[in-house]
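I set out these entries in the order in which I looked things up. Each entry concerns one part of the model.

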Amino acid sequence: MNFENVKALADLINTNNLTAIEVGKGENRIRVERQASAFGPIGAPFPGAPFPIAMASNPIAQEAPQQEGIPASEPGNFTEITSPLVGVYYSAASPDSEPFISIGKKIKKGDVLCIIEAMKLMNEVISEHDGEIVDICIKNGDIAEFGQVLFKLR
């Protein structure tokens with residue numbers, strides 16, 4: 001990633017009033033975020049606010065522990081799959097294609113769950129778990145925030 005790409009990320013944060021953005025391919029990732037002190041009292045950035053850069057060498061995954069014998073409505077009975085970056089969520093490879101997943105569909109580790117578009121790059125979100133989709137927490141075309149829950153598995 002070169003300086004112009006990093007500057008484009010900073011501009012994207014500023015233009016869309018985001019606090020952070022993370023993009024990556026494979027194990028290489030870059031995260032650009034604003035410092036907490038860069039925000040005014042109502043969340044608006046101060047002009048010229050700095051954009052510190054933090055590098056991560058591995059994907060960030062968050063999940064809830066799986067428990068047996070508790071209904072899906074109870075917390076912790078499912079695994080949450082979160083967005084690894086900020087971008088536009090697409091449920092299918094193209095507008096004419098069938099969605100990658102649907103509620104009730106059984107998935108396996110390695111299955112493509114969705115696509116997140118960031119900076120004109122299409123990033124496939126791949127399942128790291130086997131299970132059944134019990135909830136889809138985002139709509140096609142919505143902006144996915146970093147760490148936002150996209151799906152719940154059982």
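**Entry 1: the salt bridge**

I began with E132, which is partly exposed, with a relative accessible area of 24%. The model is predicted, and I read every value below as computed from it. I then searched the whole structure for salt bridges and found 1. E132 forms it with K106, and the closest N and O atoms are 3.2 Å apart. The pair links distant parts of the chain: E132 is in strand β9 (residues 131–136) and K106 is in strand β6, 26 residues apart. I looked up K106 as well; K106 is exposed, with a relative accessible area of 62%. As general background, I note that side chains of opposite charge can pair when their charged atoms come close.

**Entry 2: the sheet that holds β6 and β9**

I asked in which order the strands of this open sheet follow one another. The order of the 4 strands is β4-β11-β9-β6, and the pairing is antiparallel. I recorded β4 (79–82) and β6 (106–107) as the edge strands, since each pairs on one side only. Between β4 and β11, which run antiparallel, I found 4 bridges. At T79, the residue standing opposite in β11 is L153.

**Entry 3: the other open sheet**

I next traced an open sheet of 4 strands in the order β8-β7-β5-β10, again with antiparallel pairing. Its edge strands are β8 and β10, each of which pairs on one side only. I went through its pairings in turn.

- β7 and β8 pair in the antiparallel sense over 6 bridges.
- β5 and β7 run antiparallel and are joined by 3 bridges.
- β5 (residues 87–90) and β10 (residues 143–144) run antiparallel and are joined by 2 bridges.

For G87, I noted A144 as the bridge partner in β10.

**Entry 4: E117**

I looked up E117, which lies in strand β7. Which residues are its bridge partners on the two neighbouring strands? V88 has E117 as its bridge partner in β7, and the bridge partner of E117 in β8 is M122.

I then asked whether E117 is buried or exposed. E117 is buried, yet it has no salt bridge. The nearest side chain of opposite charge, K120, is 4.7 Å away. A salt bridge requires a distance within 4 Å, so the separation of 4.7 Å between E117 and K120 does not qualify. E117 does have a polar contact: one of 2.9 Å joins its side chain to that of Y90. Leaving aside neighbours within four places in sequence, I listed V86, G87, V88, Y90 and M122 as the residues in contact with E117.

**Entry 5: the loop between β7 and β8**

I checked the backbone angles of M119 and K120. M119 lies in the loop between β7 and β8, and K120 is found there too. M119 has a positive phi of about 55 degrees although it is not a glycine. For K120, also a residue other than glycine, phi is positive and near 65 degrees. I added their accessibility: M119 is partly exposed, with a relative accessible area of 32%, whereas K120 is exposed, with 73%.

**Entry 6: I126**

I placed I126 in strand β8 (residues 121–126). I126 is partly exposed because its relative accessible area of 37% falls between the 20% and 50% limits. Not counting residues up to four places away in sequence, I126 touches G110, D111, V112 and L113. I also looked up K108, which is 18 residues from I126 in sequence and 9.6 Å from it in space, C-alpha to C-alpha.

**Entry 7: the largest nonpolar core**

I turned last to the largest nonpolar core and its 27 residues. Those that touch the most other members are V32, I101, C114, I116, L150 and F151. The elements giving two or more residues to this core are α1 (3–15), β1 (20–25), β2 (28–33), β7 (112–118) and β11 (149–153). I noted that β7 gives the most, with 5 residues. In general, nonpolar side chains tend to be buried together in soluble globular proteins.

For I116, I listed the contacts beyond four places in sequence; among them are L85, V86, V88, Y89, L121, M122, V125, A144 and L150. M122 thus appears in my contact lists for both I116 and E117.

Terms used:
Residues are numbered from 1 along each chain as its sequence is written. This is a predicted model: local features need pLDDT of at least 70, side-chain atom pairs count only at pLDDT 80 or more; totals for chains, interfaces and linings use all residues. Side-chain values use heavy atoms; hydrogens and water are left out. A nonpolar core is a set of buried Ala, Val, Leu, Ile, Met, Phe, Trp, Tyr and Cys residues joined through side-chain atoms within 4.5 Å. Buried means under 20% relative accessible area, exposed over 50%, partly exposed in between (1.4 Å probe, protein chains only). Contact means heavy atoms within 4.5 Å. Lys and Arg count as positive and Asp and Glu as negative; His and the chain ends are not counted. A polar contact is a pair of N or O atoms within 3.5 Å; within protein, one must be able to donate a hydrogen and the other to accept it, and residues adjacent in sequence count only if both atoms are side-chain atoms. Two strands pair if DSSP finds at least two bridges between them.
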